[in-house]
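Trainee: I'd like a close look at one part of this protein. Please pick up from a single residue and tell me how its surroundings fit together.

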Amino acid sequence: MTTKLTKDILIQYAELREEVKDTRRKIESLENQIKKMEEGAVIDCVKGGAGGIQNYKVTGFPYPKYSRAKSLFYARKAILETLKFDCSILNMVFGSTAGFLPLVE
């Protein structure tokens, strides 16, 4: 059985590489958000007390938001590894026949 490098496979490979780039950008964005959250506390003002007219300043760490961001970060890292693996498989199968498939780092 011989596998031919077709236009559809090249299109799929190009789309896969773009998806890798996009996933990397999303991971970088999440890293920046996580760093900002880790740097300091969140401050919010709420009303309450006597008839809801007193203002209170509440300070704390946004644990739910931080937890969601970290979970999403690890999920995207796993997705990136899967995409890179798919690219490497295409390179192994078609790289020797085409000789010009660029590697994904």
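Which helix does M92 lie in?

Mentor: M92 sits in helix α2, which covers residues 63-98. Before we dig in, keep in mind that this is a predicted model: local features need pLDDT of at least 70, side-chain atom pairs count only at pLDDT 80 or more, and totals for chains, interfaces and linings use all residues. Residues are numbered from 1 along each chain as its sequence is written, and side-chain values use heavy atoms, with hydrogens and water left out.

Let's stay with M92 for a moment. With a relative accessible area of 62%, M92 is exposed (over 50% is exposed, under 20% is buried, in between is partly exposed, using a 1.4 Å probe and protein chains only). M92 also belongs to a nonpolar surface patch with F85, I89 and V93, and together the four offer about 390 Å² of accessible area. For a patch, each residue needs over 30% relative accessible area and no salt bridge; nonpolar side chains (Val, Leu, Ile, Met, Phe, Trp, Tyr) are joined within 5 Å, and like charges within 9 Å. The areas themselves come from the Shrake-Rupley method with a 1.4 Å probe, and for residues only the protein chains shown count as cover.

Now N91, another residue of helix α2. N91 is buried, at a relative accessible area of 12%, whereas M92 is exposed. N91 and Y13 are 78 residues apart in sequence, yet their C-alpha atoms are 9.1 Å apart in space. Y13 belongs to α1, where it is one of the buried residues, along with I9, L16, V20, T23, I27, L30, I34 and M37.

That brings us to α1 itself, residues 7-39. At 1.5 Å a residue, its 33 residues should span 48 Å, and the end C-alpha atoms are 48 Å apart, so expectation and model agree (the expected span is 1.5 Å times one less than the number of residues).

Salt bridges come next, and there are 4 in the structure; each needs a side-chain nitrogen of Lys or Arg within 4 Å of a carboxyl oxygen of Asp or Glu. D22 makes one with R25, with the closest N and O atoms 3.8 Å apart, and another with K26, at 3.5 Å. How far apart are D22 and R25 in helix α1? They are 3 residues apart, so about one helical turn separates them. D22 and K26 are 4 residues apart in α1, again about one helical turn. D22 is partly exposed at 31%, and K26 is partly exposed at 36%.

Back in α2, K84 and E81 meet in a salt bridge at 3.7 Å, N to O. Those two are 3 residues apart in that helix, so about one helical turn lies between them. Both are partly exposed: K84 at 24% and E81 at 47%. Salt bridges with shared partners also join D22, R25 and K26 into one network.

What about the rest of the chain? The protein has 2 helices and 2 strands, running α-β-β-α from the N terminus. For the record, helices (H or I, at least four residues) and strands (E, at least two) are DSSP runs, numbered from the N terminus. Strands β1 (residues 42-48) and β2 (residues 54-60) pair in the antiparallel sense over 7 bridges, where pairing takes at least two DSSP bridges. They make a hairpin with 5 residues between them, and G49 in the turn has a positive phi of about 80 degrees.

On that hairpin, V58 in β2 is the bridge partner of D44. K57 is also in β2 and is exposed, at 62% relative accessibility. K57 and D44 are 13 residues apart along the chain, with their C-alpha atoms separated by 5.8 Å. Leaving out residues up to four places away in sequence, K57 touches I43 and D44 (contact means heavy atoms within 4.5 Å).

To zoom out, buried residues make up 23% of the 105 residues. Of the contacts with a separation of 6 or more, 64% are between residues 24 or more positions apart. The accessible surface comes to about 7,900 Å², with 56% of it belonging to carbon and sulfur atoms.
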